[in-house]
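Trainee: I'd like a close look at one part of this model, please. Take me through its neighbours and what it packs into.

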Amino acid sequence: MPVSTTLDFPVSRRSDPTSGTDRTAALQNLAFGKRFTDHMAVADWTPADGWHDSRVQAYGPIQLDPAAAVLHYAQEIFEGLKAYRHADGSVWTFRPQVNAARFQASARRLALPELPEDAFIESIRNLVRTDVDWVPTPQDGSESSLYLRPFMFADEAFLGVRPANHVTYMVIASPSGPYFAGGIKPISLWLSTEYARSGPGGTGAAKCGGNYASSLAAQIDAAEHGCDQVVYVDVVERKWLEESGSMNICFVTRDGEIITPKLTGTILEGVTRRSVLEIASDLGLRADERQISVDEWREGALSGDIVETFACGTAAVITPIGSLKWQGGEISLGSEPGPVAVQIRQALLDVQYGRAEDTHGWLHRLA
C-alpha cells in the first residue's frame, strides 16, 4: 500500500478545555488509561488520496457506521509509548522510531496502509505539545508519565471480506501513575496448556487488538487458578516458552546471562525487550535470544541455574515473576525482586526520565 509524504497535524484547539483546577486534580489521582487529555491526533487514508486531512482536534467520541469493517473483521492495530517530563520541565519520549517501525510491520500484516515514521512522530509531537500541561511532573522519583496510544482502524462501511478502502489513524493520551503504586512486587504466572497466543503464520508478531481479545479467556483461567497473569507456550510442540500475558519474558542465569525467547513470528518484539537486552550488555551481562522450554525453566529454577525471571513491557517496565503454577504443580521463583531485574529497571528508568546520560540516543524531545 502507498506510503505518503509528510503530514503536518495542524492544531485546532477545543473551545472548552479542562480547567486548570480539574486538570490538577486529575494529575493528583493518576490511574492507567482512565482519564484522557483534551485533544487527539487524527488522519485519514484512502487508496486514491493516501494519507490526508491530518490534524489535532478536540478529544471526543467517534462516529462509526454499523457496517464499519473494524467491527466485523477486526482490521485494527495499535501502539503504546510514553512521554516523560524531565527535571528541567522538558518532555521526551523513548525510541519512537522503533514503535513507528513496529506499527508499519503490524499494518502490513493486517493489510492496512503503512504510516510513515515522520508522520507517526509528528502526530505524537503535536499532540503532546498541545496537551503539554497534562504531562505529569514526577514527584519524589515516582514513575508518572503521559501514556500515548496511536492506533489505526478500518472504518469503511461494507461487509465484504477484503482490505478496507477507508482507514483512520488516531493518537490519544492518558496521564498515568506508576504501574506498581506500592513498589514492584513479584507476580504469579499460570502456565496455559489450553490456550495459545498465536501460531506460525498468524498475527503474533503484530500488535493488534485480536491478539489481546483472544488472551482474555486465558487470563480468566489464570485468575481462577489464583495467578496474576498467564504464560504461553508454542502451538506446535507445546513446550517452548513464548510470552507472559502482554509482556515478553526474560531469565537470568547464575553465570551472568540473560535469556529471552527468540523471535519466531509468534512473539511480539517489545521495545522494552530490545532495550533490556542492550542495557544488559552495557552492564556486562551476556544477552541471548534462543528457545527455552518449560522444563528448562522449571529445572533451572530448582537447581539454581536460573536465579531470576522477569517480564518486561511499556506499562510496567519490568515485572519480577515470583512463582509459576501449572495443572498439578507449582514452583516458587522468589518473593522479592531480583538484583539484576532491579538494576536493569533502574537503568532504563534513569534514561527515560533524564537522570542518566542517554548513550544510545534513545530519547526524542517532544516539548
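Trainee: How many bridges join strand 4 to strand 6, and in which sense do the two run?

Mentor: Three bridges join them, and the two strands run antiparallel. Before going further, bear in mind that this is a predicted model, with pLDDT of at least 70 needed for local features and 80 or more for side-chain atom pairs, while totals for chains, interfaces and linings use all residues. Residues count from 1 along each chain as its sequence is written, and side-chain values use heavy atoms, leaving out hydrogens and water.

Strand 6 covers residues 145-154 (strands are DSSP E runs of at least two residues, helices H or I runs of at least four, numbered from the N terminus). Strand 4, at 81-85, meets strand 6 through Lys82, whose bridge partner is Tyr147. Strand 3, residues 76-78, is also antiparallel to strand 6 and is joined to it by three bridges; there, Phe78 has Phe151 as its partner. Then there's strand 7 (167-176), which pairs with strand 6 in the antiparallel sense over 10 bridges (pairing takes at least two DSSP bridges). In that pairing, Pro150 of strand 6 sits opposite Val171.

Now look at how covered strand 6 is: nine of its 10 residues are buried (under 20% relative accessible area with a 1.4 Å probe, protein chains only; exposed is over 50%, partly exposed in between).

That leads to the largest nonpolar core, a set of 36 residues (buried Ala, Val, Leu, Ile, Met, Phe, Trp, Tyr and Cys joined through side-chain atoms within 4.5 Å). Trp51, Leu115, Phe120, Val128 and Tyr169 have the most contacts inside this core. Strand 6 gives two or more residues to the core, and so do strand 1 (39-46), strand 2 (50-58), strand 4, helix 3 (96-109), helix 4 (117-130) and strand 7. Helix 4 is the top contributor, with six residues.

Val128 is a good place to zoom in. Setting aside neighbours within four places in sequence, Val128 is in contact with Leu146 and Leu148, and also with Ala83, Val91, Val135 and Leu366 (contact means heavy atoms within 4.5 Å). Elsewhere there's a second, separate core of 25 residues, with Ile258, Val276, Ala280 and Trp362 among them.

So, to put strand 6 together: antiparallel bridges to strand 3, to strand 4 and to strand 7, plus two or more residues given to the largest core.
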